[in-house]
Amino acid sequence: MNLIRIILAILVVSIIPLSLLCNPEMFWELGPVENGDLVVLLLGMFTCIYWYKYDGVGSYFRPVWKVGGLLFFLAAAREVSWGRIFMTNGINEEGPIIPSMKSLWFGNYIYSAVGVLIVILLYMMYKYRHEIGDLVYRLVRSKESMLYFGLFFILLSSATVIWDPNRIASLSQWHQAFEEMSELTAYFATYALAWKAHLLSQETVIQDTTSNMKK
């Protein structure tokens, strides 16, 4: 967890200098930073799967990691535009040209597939609402987890509301860089939040076990 905290801190302080100084191609679709987004989200997905598999059948919070894994998967799929970025139509001054959903043979199926996955996600969130609610309660009481959530919310909001629509004209030439760096840092903050949630879940299990032994 300490390594995760250090990496997150480095990312936060690097947003401005890297956005201003690095070559714009670093922030293109399928570029190093964009690929970093995908790596972080897939890492989150596989970490949740690992926790679900090895936390033990008796772990109260074990089902939560199924929900977490699906959330990370959906975020990763969205980050690669549901597969469209792997079928680019060339390159312009802003990077690879991504085809529209309608122009792809599988475009019409994407919406149906995503809809099914969202229904599954909502069902699992309802089914495991008590476990999720208990863990969220513990996260809200943790200042560290609230810091991670705050970073995620602020950075992803700025990427969506400010940098993506290029609302600050004086920073137009760097808007894509700020957007991608903000997203990368926001996703890593989410990964840190997932780790904190896992640690809190383990602490709860240990405390409950100790309490039962005393009885």
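**Close-up views of a predicted model**

**View 1. One side of helix α5 holds its buried residues**. In this predicted model, the buried residues of α5 are E131, I132, L135 and L139. These four cover an arc of only 95 degrees around the axis, which puts them on the same side of α5. The helix itself runs over residues 129–140, and its 12 residues reach 16 Å from the first C-alpha to the last, close to the 16 Å expected at 1.5 Å a residue.

**View 2. An aromatic pair links distant parts of the chain**. Among the eight aromatic pairs that the structure holds, W51 and W195 form one that is edge-to-face, with 5.1 Å centre to centre and 85 degrees between the planes. W51 belongs to helix α2 (residues 32–54) and W195 to helix α7 (residues 175–214), so that the partners are 144 residues apart. W51 is buried, at a relative accessible area of 4%, whereas W195 is partly exposed, at 24%. Ring pairs also bring in W65, giving a cluster of W51, W65 and W195.

**View 3. F149 and F152 form a tilted aromatic pair**. Their rings are 6.4 Å apart, centre to centre, with 45 degrees between the planes. Both residues lie in helix α6 (residues 143–163), three residues apart, which is about one turn of the helix. An α-helix has 3.6 residues a turn, so residues three or four places apart point the same way. F149 is partly exposed, with a relative accessibility of 41%, and F152 is also partly exposed, with 25%.

**View 4. Arginines lie over tyrosine rings**. The charged end of R62 sits over the ring of Y52, 4.1 Å from its centre, while R129 lies over the face of Y126, at 4.2 Å from the ring centre.

Methods:
Residues numbered from 1 in each chain as written. Predicted model: local features only at pLDDT ≥ 70, side-chain atom pairs only at ≥ 80, totals over all residues. Heavy atoms only, no water. Helix = DSSP H or I, 4+ residues; strand = E, 2+ residues; numbered from the N terminus. Expected span 1.5 Å × (residues − 1). Buried < 20%, exposed > 50% of the residue type's maximum accessible area, 1.4 Å probe, protein only. Arc of directions from axis to C-beta. Phe/Tyr/Trp six-rings, centres within 6.5 Å; stacked < 30°, edge-to-face > 60°. Lys NZ or Arg CZ within 6 Å of the ring centre and 35° of its normal.
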